[in-house]
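This report walks through selected local features of one protein model, taking loops, helices, charged pairs and surface in turn. The model is shown first.

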Amino acid sequence: MSTLAGRSIRSAGRIAARVLPKQQQQVATYSMLTARVTSAVASRAHTTTPRLARGVKTLDFAGVKEDVWERSDWPIPKLQEYFKNDTLALIGYGSQGHGQGLNARDNGMNVIVGVRKDGESWKEAIADGWVPGETLFPIEEAIDRGTIIMNLLSDAAQSTTWPQLGPLITKGKTLYFSHGFSVVFKEQTKVIPPPDVDVILVAPKGSGRTVRTLFKEGRGINGSFAVFQDVSGKAQEKATAIGIAVGCGYLYQTTFEKEVYSDLYGERGVLMGGIQGMFLAQYKVLRANGHSPSEAFNETVEEATQSLFPLIGQHGMDYMFAACSTTARRGALDWAPEFEKANLPVFERLYKSVRDGTETQKSLEFNSRKTYREDLKRELEAIDNQEIWRAGKTVRKLRPDYKGE
């Protein structure tokens with residue numbers, strides 16, 4: 001379902017990968033734009049200063065006017081000029097740390113990584129080209145060296161490490177998050193930012209893997225930004241600039257509270273928890289009525305993810321309905337209100353559980369266990385062993401473009 005522009009971008013990237021030396025390939029992943037601009041900026045560094053004028057668009061979202069900031073508002077020369085005296089200290093190298101850190105590095109930012117020395121994340125960072133003593137440091141040293149402290153540790157780790165890390169966030173630094181969790185639920189996390197620093201948030205709307213993949217394709221992921229504390233008077237400007245630097249294609253404004261409420265709600269709802277529950281319920285009914293595993297999986301998951309969901313993503317729900325048969329359309333139109341009515345009370349209960357901190361407490365308690373990794377592994381293995389997903393492994397292998405898992 002890729003667009004012509006998307007195919008052209010990927011084609012250019014493949015051509016570049018064949019003709020550029022290996023060391024240059026990583027820089028060239030951003031549709032070769034970063035590499036070209038970085039070279040141009042270097043060649044005229046003594047003669048030109050990139051313009052710092054900012055643009056912003058006001059768009060109509062279903063009758064509500066909202067401002068959006070796009071990549072064009074922060075072209076690469078402008079980003080590099082804006083952050084020329086800053087060091088982005090990325091604390092934690094999990095999913096978001098990996099994606100955001102590599103993207104910012106490819107965009108020419110001065111980025112260092114802070115993780116526990118010789119731990120798994122330390123080894124992963126080295127594999128990605130971060131150099132101990134140059135761009136890779138123990139956490140405390142990275143915070144000391146950085147001017148913008150990007151706290152991308154897990155929510156539970158942010159809470160447990162704050163007594164040690166909080167005092168290191170000294171006056172004049174900027175404290176950055178990609179989730180409002182720790183700051184909003186401070187009664188439970190005990191994360192209270194110091195009063196003399198800017199506190200900002202950029203939340204890419206996808207996993208760290210997607211943040212990196214879309215950046216390398218030249219597309220960029222959508223994201224939100226927020227300002228919790230503006231000491232310098234430039235916190236919003238800084239947030240939008242970092243958002244583009246770490247790989248966002250466009251940004252919309254929110255608050256720390258709204259970001260964390262919508263994020264926790266969405267993950268537990270249609271993005272992850274709700275869709276797993278709905279897939280499983282439909283599959284079970286089909287199996288109970290004599291349908292084979294392959295048929296049940298195809299009619300529940302495969303057609304949704306490979307055929308219909310991409311149409312919704314590209315053109316909207318009405319387009320997907322119109323693209324299907326008259327019989328399918330009639331049934332969908334008749335049953336959609338039934339599902340809305342049945343699900344609305346569940347979603348209302350879910351949002352209340354998010355807002356009152358119940359979900360936060362559950363998350364902190366589970367993710368702070370010493371047996372967290374083992375317990376999580378068991379839960380994920382239980383899903384992996386459900387018949388629906390075992391059937392799915394065989395179905396995926398039959399796809400013409402299957403390349404292994």
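**Loop positions and distant contacts**

Pro138 sits in the loop that links strand S5 (136-137) to helix H7 (139-145), in what is a predicted model. With a relative accessible area of 27%, Pro138 is partly exposed, since that class spans the values between the 20% limit for buried and the 50% limit for exposed residues. Although Pro138 and Gly114 are 24 residues apart along the chain, their C-alpha atoms are separated by 5.2 Å.

A second loop position is Thr87, which belongs to the loop between helix H4 (76-82) and strand S3 (88-91). Thr87 has a relative accessible area of 15% and is therefore buried. The C-alpha atoms of Thr87 and Ala142 lie 9.5 Å from each other, while 55 residues separate the two along the chain.

Phe215, by contrast with these loop residues, is placed in helix H11 (residues 208-216), and its relative accessible area of 1% makes Phe215 buried. Its C-alpha atom is 7.0 Å from that of Asn103, a residue 112 positions away along the chain.

The three pairs are set side by side below.

| Pair | Separation along the chain | C-alpha distance |
|---|---|---|
| Pro138 and Gly114 | 24 residues | 5.2 Å |
| Thr87 and Ala142 | 55 residues | 9.5 Å |
| Phe215 and Asn103 | 112 residues | 7.0 Å |

**Backbone with positive phi**

Which phi value does Ala62 have, given that it is not a glycine? The phi of Ala62 is positive, at about 55°, and the residue is found in the loop between strand S1 (57-61) and strand S2 (64-70). Ala62 counts as exposed, because its relative accessibility is 83%.

Asp118 is likewise not a glycine and has a positive phi, here of about 70°. Asp118 is in the loop that runs between strand S4 (111-114) and helix H6 (120-127), and with a relative accessible area of 52% Asp118 is exposed.

**Salt bridges**

In total, the structure holds 21 salt bridges. Asp375 takes part in two of those described here, one with Arg369 and one with Arg378. In the pair of Arg369 and Asp375, the N to O distance is 2.9 Å; in the pair of Asp375 and Arg378, the closest N and O atoms are 2.3 Å apart. Asp375 and Arg378 are both in helix H19 (residues 372-384), and because they are 3 residues apart there, about one helical turn separates them. The surroundings of these side chains can be described by their accessibility: Asp375 is buried, with a relative accessible area of 11%, Arg369 is partly exposed at 42% relative accessibility, and Arg378 is exposed at 53%.

Salt bridges with shared partners also join Glu267, Arg268, Glu359 and Lys362 into one network.

A further salt bridge connects Glu187 and Lys186, with 3.9 Å between the closest N and O atoms; this value falls within the 4 Å limit that the assignment uses. Is Glu187 buried or exposed? Glu187 counts as exposed, because its relative accessibility is 52%, whereas its partner Lys186, at 37%, counts as partly exposed.

**Helix packing and a nonpolar patch**

Helix H13 (256-268) is followed by a loop that leads to helix H14 (273-288), and Val270 is found in that loop. How is H13 placed relative to H17? H13 packs with helix H17 (residues 326-355) at an angle of about 135°, and the axes of the two helices are 9 Å apart. The two helices are therefore oblique to each other, as an angle of 115 to 145 degrees falls outside the roughly perpendicular and roughly antiparallel classes. The crossing of H13 and H17 is right-handed.

Val270 also contributes to the surface: together with Leu271 and Met272, Val270 makes a nonpolar patch of about 330 Å². Val270 itself is exposed, because its relative accessible area is 56%, and that value is above the limit of over 30% that patch residues must meet.

Conventions:
Residues are numbered from 1 along each chain as its sequence is written. This is a predicted model: local features need pLDDT of at least 70, side-chain atom pairs count only at pLDDT 80 or more; totals for chains, interfaces and linings use all residues. Side-chain values use heavy atoms; hydrogens and water are left out. Patches are made of residues with over 30% relative accessible area and no salt bridge: like charges are joined within 9 Å, nonpolar side chains (Val, Leu, Ile, Met, Phe, Trp, Tyr) within 5 Å. Accessible areas come from the Shrake-Rupley method with a 1.4 Å probe; for residues, only the protein chains shown count as cover. A salt bridge is a side-chain nitrogen of Lys or Arg within 4 Å of a carboxyl oxygen of Asp or Glu. Helices (H or I, at least four residues) and strands (E, at least two) are DSSP runs, numbered from the N terminus. Buried means under 20% relative accessible area, exposed over 50%, partly exposed in between (1.4 Å probe, protein chains only). Axes are lines fitted to C-alpha atoms, for helices over the stretch in contact, and angles run from 0 to 180 degrees between N-to-C directions. Angles under 35 degrees count as roughly parallel, over 145 as roughly antiparallel, 65 to 115 as roughly perpendicular and the rest as oblique. A crossing is left-handed if the near helix is turned anticlockwise from the far one by less than a right angle, and right-handed if clockwise.
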